[in-house]
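Biologist: I am new to this structure and would like to be guided through it. Could we begin with the terms you use and then go region by region?

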Amino acid sequence: MSDPAAPIRAVLFDLDGTLVDNMQYHIAAWIETGRELGAELTAEQVMRDFAGRRNEEILPTVARRPLSAQEMARIAHDKEARYRALYAPHLTLMSGAAALLTQLTAAGIAIGIASAAPKDNRDFVLSGLGRGPDAGAVGGAEEVSRGKPARDMYREAPRRSGMAPQHTLVFEDARLGVQAACAAGMRACGITTGDSPHELIAAGAIATCPDFRSLPDAIAGLLR
């Protein structure tokens, strides 16, 4: 259980749908991948069941059969390459994110990323944004055995960077990610690019907002 009175000294960002508004491109890539595997996926299904989870957890469910490690790696590679090709012309930070990152740095608040995105995707986004050097601690799916809503990713990030969970605020766009952050003893703010405010609050978020341009008073107050 997080302490609502503890000061915030670190902020962790999910990547997809949070630091960047790219979920529509992931959804398009998943739908095409699903068709190749004989499954008709919907955008709602991708957001509800896939966001925050690792490809290794998702693909056997989509294929509805066991997959060898080689086949899984090939399908995952093709899906992520398809996503990067779709998103590359539109790559940009979420509205208000640049100003917030500057504010956090000026205030001495540590910044990190905890994302289930494969390393190639994380590198693609961060290098494309020119934010590699100041992205802070970056944690990914390859470092844990379970994706969100398991707390593993949000346990690993503080361990590697020295961020205390009770002093850490997480920004997440998916209910599975909010659940993971709360399970790790952190406070979470939901970004409503995918799941609804109601779903994010029900998952444990203390507040929600559509992007970073105008943070809710409950969140802005924590970061002052």
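Modeller: Certainly. A residue counts as buried when its relative accessible area is under 20%, and as exposed when that area is over 50%. Please keep in mind that this is a predicted model.

Biologist: How many residues of strand β5 are buried?

Modeller: Strand β5 covers residues 187-191, and 5 of its 5 residues are buried. Arg187, Cys189 and Ile191 point one way from the strand, while Ala188 and Gly190 point the other way.

Biologist: Which strand pairs with β5 over 4 bridges, and in which sense?

Modeller: That is β4, residues 168-172, and the two pair in the parallel sense. Within this pairing, Val170 has Ala188 of β5 as its bridge partner. Between the two strands the chain passes through helix α8 (residues 175-183), in a right-handed β-α-β crossover.

Biologist: And what joins β5 to β6?

Modeller: There are 3 bridges between β5 and β6 (residues 207-209), and these strands run parallel. Gly190 has Thr208 in β6 as its bridge partner. The chain goes from β5 to β6 by way of helix α9 (residues 197-203), and this β-α-β crossover is right-handed.

Biologist: Let us turn to the interior. Which residues touch the most other members of the largest nonpolar core?

Modeller: They are Val11, Phe13, Phe171, Phe212, Leu215 and Leu223, in a core of 33 residues. Helix α5 (residues 97-106) supplies the largest share of this core, with 4 residues. In soluble globular proteins, nonpolar side chains tend to be buried together.

Biologist: What is Phe212 in contact with, beyond its neighbours within four places in sequence?

Modeller: Its contacts include Phe13 and Phe171, as well as Met94, Ala97, Leu100 and Ile191. Phe13 and Phe171 are also among the core residues that touch the most other members. Ile191, for its part, belongs to the group that points one way from β5.

Biologist: How many residues are in the second core?

Modeller: The second core is separate and has 19 residues, including Ala39, Leu41, Val62 and Ala63.

Biologist: A change of topic: what is the volume of the largest pocket?

Modeller: Its volume is about 590 Å³. The lining consists of 34 residues, of which Asn55, Glu80, Ala116, Ala117 and Pro118 lie nearest the centre.

Biologist: Which helix gives the most to that lining?

Modeller: Helix α4 does, with 8 residues. The elements that give two or more residues are α1 (23-36), α2 (43-50), α3 (55-63), α4 (69-87) and α6 (119-129).

Biologist: Is Asn121 buried or exposed?

Modeller: Asn121 is buried, because its relative accessible area is 0%, under the 20% limit. This residue is found in helix α6. Leaving out residues up to four places away in sequence, Asn121 touches His26, Glu80, Tyr83 and Arg84. Glu80 is also one of the residues nearest the centre of the largest pocket.

Biologist: Turning to the backbone, where is there a cis peptide bond?

Modeller: A cis peptide bond joins Lys148 and Pro149, with omega about 20°. Pro149 sits in the loop between β3 (137-139) and α7 (152-161).

Biologist: And which residue other than glycine has a positive phi?

Modeller: Arg64 does, with phi near 60°. Most residues other than glycine have a negative phi, and most peptide bonds are trans. Arg64 lies in the loop between α3 and α4.

Biologist: Is Arg64 buried or exposed?

Modeller: Arg64 is exposed, because its relative accessible area is 61%, over the 50% limit.

Definitions and conventions
Residues are numbered from 1 along each chain as its sequence is written. This is a predicted model: local features need pLDDT of at least 70, side-chain atom pairs count only at pLDDT 80 or more; totals for chains, interfaces and linings use all residues. Side-chain values use heavy atoms; hydrogens and water are left out. A nonpolar core is a set of buried Ala, Val, Leu, Ile, Met, Phe, Trp, Tyr and Cys residues joined through side-chain atoms within 4.5 Å. Buried means under 20% relative accessible area, exposed over 50%, partly exposed in between (1.4 Å probe, protein chains only). Contact means heavy atoms within 4.5 Å. Two strands pair if DSSP finds at least two bridges between them. A crossover is right-handed if, with the strands pointing away from the viewer, the path from the first strand over the helix to the second runs clockwise. On a 1 Å grid over the protein atoms alone, a cavity is a set of points where a 1.4 Å probe fits but cannot get out, and a pocket is an open set with protein on both sides within 12 Å along at least five of seven lines; lining residues have an atom within 4 Å of a point. Grid points are joined across faces, edges and corners, and a volume is the space filled by probe spheres set on the points.
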